[in-house]
Amino acid sequence: MTSGTERIEASFSVPPELSDQRLDQAVARLMPEHSRSRIQGWVRSGELTVNGEKRRPRDRVLVDDRVDVAAQAEAEVTWEAEAIDLDIIHEDEHLIVLNKPAGLVVHPAAGHEAGTLVNALLHHAPELERIPRAGIVHRLDKDTSGIMVVARSLEAHTSLVAQLQERRMGREYQAVCLGELTGGGRIEQPIGRHPQQRKKMAVVPDGRPAVTHYRLVRRMAGFSHIRCQLESGRTHQIRVHMAHIRHPLLGDPVYGSRMRYPRGTDEELRSALDGFRRQALHAARLELAHPATDEFCEWEAPLPADFRQLLDALSAFEERRSAS
C-alpha cells in the first residue's frame, strides 16, 4: 500500500500560453500529476517560488517567469500492489517501458479501485510508491493499447515531465478511421471540456493548444489506416481531432458515429467490424532522451492481435471486392 512522503523538485519557465494566469492554475497545467490544492500549499509555504520570491496562489505569472519547486509532500492517495502480468519492453533503474493491453485502466479511480496498471506497477517495482503518481507521466485511455513509459526515479520523473512539456518526447500512434482519406495532414485545434457533456472533450475556442499530424498508410473499403504523431498531449487528442475533421476512429464509443458499412459489405467483413469493440488506436512508437544519459532512445510496441485481425479483414475484403 502506498504511503509516506514524496520529495518534489522541479524548475521551469512559464510558456507564452500560460502568461497572465493565476500562479496555482499555471503550475497545475505544468505539473498535472499534482493536485491544485497541493500546489497551493507549496505556494503558501514558500516551497514554490517565482523568480526566487514567495508569491500568493492568486498572483499572476508572466512569460519566462522562473518557477522553482522544492517540496516534501505527503502521498495523496493509497493504492494496493497487485500481481498483474506486465508486458515490459525495456527496464532499467530509471525507466520502465511497457506495452499496455486494451481494457487495462491506468490509474485507480471510482469504479476502478483495483486491477489497474498502477496496481500492477507497484507490485512489480515497490519503490514506485515514492514517485508521484507511481511514476506515470502520461496515460493511455482504457481501450487504447500500446507503449507507455514509467519513471522509476525522481530524476527520471522530472526529466520525462519536462520532455513532455517541451514537446521533446516523440509519440506515434496507429489508427483506423472512418472514411477514405486522400492523404495526410495537420490538425491544429484547441481542446477542452465539452460545454454540455462534461465527461467528453471537444474542440473549443478557449481550449488548450493541440496539434496532431496524421499520414495515410492505406485506404481500405470505406476506412483509412493512418499513423498519427502528437506535438501536444491533450486528453483524447487523436480521437477528438479525427472526429472534428469528420473521420472518427473506428469503434470509438464516445466520439464515433454510427457504423457505416462499405458498399457490398459481406458477412465476413460485417462480423469483423461488429466484433471490434474499442477505438482502433494503438500507441506504436516512443522516442525520448534517457533521463540519466541523455541518450536518444526509441521503442516500438507491435500491433495487438485484434488490431491486426481488423486490418487483415479490411484488406481481405478490399481484395475480394477488387476481384469481383
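## Fold and two unusual backbone positions

Residues 24 or more positions apart account for 67% of the contacts in the protein chain with a separation of 6 or more. The model is predicted. Its secondary structure comes to seven helices and 15 strands.

For the overall dimensions, a compact globule of 324 residues would have a radius of gyration near 20 Å, and the 21 Å of the protein chain agrees with this. Along the principal axes, the C-alpha atoms fill a box of roughly 75 × 45 × 40 Å.

Of the 324 residues in the protein chain, 48% are buried. The exposed area of the chain is about 15600 Å², of which carbon and sulfur atoms supply 45%. The chain carries 44 positive and 47 negative charges, and the mean positions of these two sets are 8 Å apart.

Turning to the backbone, most residues other than glycine have a negative phi. Asp20 has a positive phi although it is not a glycine, and the same description applies to Arg246.

| Residue | Phi | Relative accessible area |
|---|---|---|
| Asp20 | about 75° | 48% |
| Arg246 | about 65° | 71% |

Asp20 is placed in the loop between strand E1 (5-13) and helix H1 (23-30). Arg246 is placed in the loop between helix H5 (237-244) and helix H6 (267-275). Because exposed means over 50% relative accessible area, Arg246 at 71% counts as exposed. Asp20, at 48%, is partly exposed.

Methods: Residues numbered from 1 in each chain as written. Predicted model: local features only at pLDDT ≥ 70, side-chain atom pairs only at ≥ 80, totals over all residues. Heavy atoms only, no water. Helix = DSSP H or I, 4+ residues; strand = E, 2+ residues; numbered from the N terminus. Buried < 20%, exposed > 50% of the residue type's maximum accessible area, 1.4 Å probe, protein only. Rg over C-alpha atoms; globule rule 2.2 N^0.38 Å. Contact = heavy atoms within 4.5 Å. Areas by Shrake-Rupley, 256 points an atom, 1.4 Å probe, with all protein chains shown as cover. Lys, Arg positive; Asp, Glu negative; His and termini not counted. Charge placed at Lys NZ, Arg CZ, Asp CG, Glu CD.
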